[in-house]
Every structure is written in C-alpha cells, then in structure tokens.
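Reader: I'm new to this one. Could you walk me through how its labels are earned?

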Amino acid sequence: MYDKKTLCVLLLGAIALSACTTMGSGTGSVAPGGERVGFAWTSKDGGTTGTMSATLGDGKSFSGPYLEITHQARNEDFDPMWSGWQFGWNDWGAWEAFPAAGYTTLYSGRVVANLQSPDAQQMRCRFQLNDPTAGMGGGGQGECQLGSGRSVDAVFPAS
C-alpha cells in the first residue's frame, strides 16, 4: 500500500492534471427543420485544441477534433512598435506583459472542426470565438454543414 507522502503526491498530481482540462457545451438547430443539436467539447490546452461532439435530435452523433487557428510571431518583429513608448505597451490598460524574447501566439478567433458519425457521415464546422485568447471557453457562434447539405447554426456560451 502507499504511505501518506506518496498518496499525497499522487492526489496532488491528479488534481493538477484535472485542472488542465476544460470543457463546455453548446446548442444549435438544423436548417431546414429546426431539429435541435447538442454540442460538447473538451480540451487539455485551455480550449485551443480538443475534441468536439454533436448529437442531433434523432440521436445521431458526430465526434472529432477541433482547432483554433493561431500563428506565432517572433517577439523581435514587434520592436518597431515600441519606438518612443514603453516596451510592450503594458502601460496601456488591458494589455498583458509582453515577453522580451521568444515567440508570441496570435489568436485568430476562428475554430474549425471535422466531425464524423460512427457510420462515417461527415459534419464540418466553423466558429468565431467571442474571446480568442480564452479558446472555446470564451464562447462563440458559427455553423456546421452536414454531408447531406443541411446546415446547423451553433452557439457556445462562455464556460
């Protein structure tokens, strides 16, 4: 059996791992017809990538990966922007500290998902996030297209 110290370390490790997982849900409707759709997503990186599932009113389910489109910029590429101002503009309210060296991730706020049903039917989705740096957790809205040509409007509240 485990001693108290080992048990404590295992417990803290489990808590730390679970703290990294974010999840949320959304709703939608199929057009034409207005059939309800339920969405759920899970991410281990704060909402930028993960898995998503959608369940239609008739019980048909789809699941697969989603991805927020981002790109990296070298921090030194921003050097001309600081000329005459404090480095990083963090003296200008609501701006986070800007690292001196390395790369900065720029979030587009656009998310794409490619979902598939167990019988290989397809659903592709595109969403616009309300708060791109928060990933899916910041909420958003968009649309999906079923292989049959029907569309799904979707809304994700902030979680």
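Author: Sure, and keep in mind that this is a predicted model. Let's start with E68, which is buried yet has no salt bridge.

Reader: How do you know that E68 has no salt bridge?

Author: A salt bridge needs a side-chain nitrogen of Lys or Arg within 4 Å of a carboxyl oxygen of Asp or Glu. For E68, the nearest side chain of opposite charge is R110, and that is 8.8 Å away, so the cut-off of 4 Å isn't met.

Reader: Where is E68, and what does its side chain have as a polar partner?

Author: E68 sits in strand β4. A polar atom of its side chain lies 3.3 Å from the backbone nitrogen of G109. Residues that E68 touches include Y107, G109, V111 and L129.

Reader: Why is A120 called partly exposed?

Author: Its relative accessible area is 46%. Buried means under 20% and exposed over 50%, so a value in between counts as partly exposed.

Reader: What makes the phi of A120 worth a remark?

Author: It's near 70 degrees, a positive value in a residue other than glycine. Most residues other than glycine have a negative phi. You'll find A120 in the loop between β5 and β6.

Reader: Which peptide bond is cis?

Author: The one from A31 to P32, with omega near 0 degrees. P32 is in the loop between β1 and β2.

Reader: Which residues have the most contacts inside the largest nonpolar core?

Author: F39, M52 and M123, in a core of 22 residues. Its largest share, four residues, comes from β6. Among the residues M52 touches are F39, W41, F62 and F127.

Notes
Residues numbered from 1 in each chain as written. Predicted model: local features only at pLDDT ≥ 70, side-chain atom pairs only at ≥ 80, totals over all residues. Heavy atoms only, no water. Core = buried A, V, L, I, M, F, W, Y, C linked by side-chain atoms within 4.5 Å. Buried < 20%, exposed > 50% of the residue type's maximum accessible area, 1.4 Å probe, protein only. Helix = DSSP H or I, 4+ residues; strand = E, 2+ residues; numbered from the N terminus. Contact = heavy atoms within 4.5 Å. Lys, Arg positive; Asp, Glu negative; His and termini not counted. Polar contact = N/O pair within 3.5 Å; in protein donor to acceptor, adjacent residues only side chain to side chain. Lists of a residue's contacts leave out its neighbours within four places in sequence.
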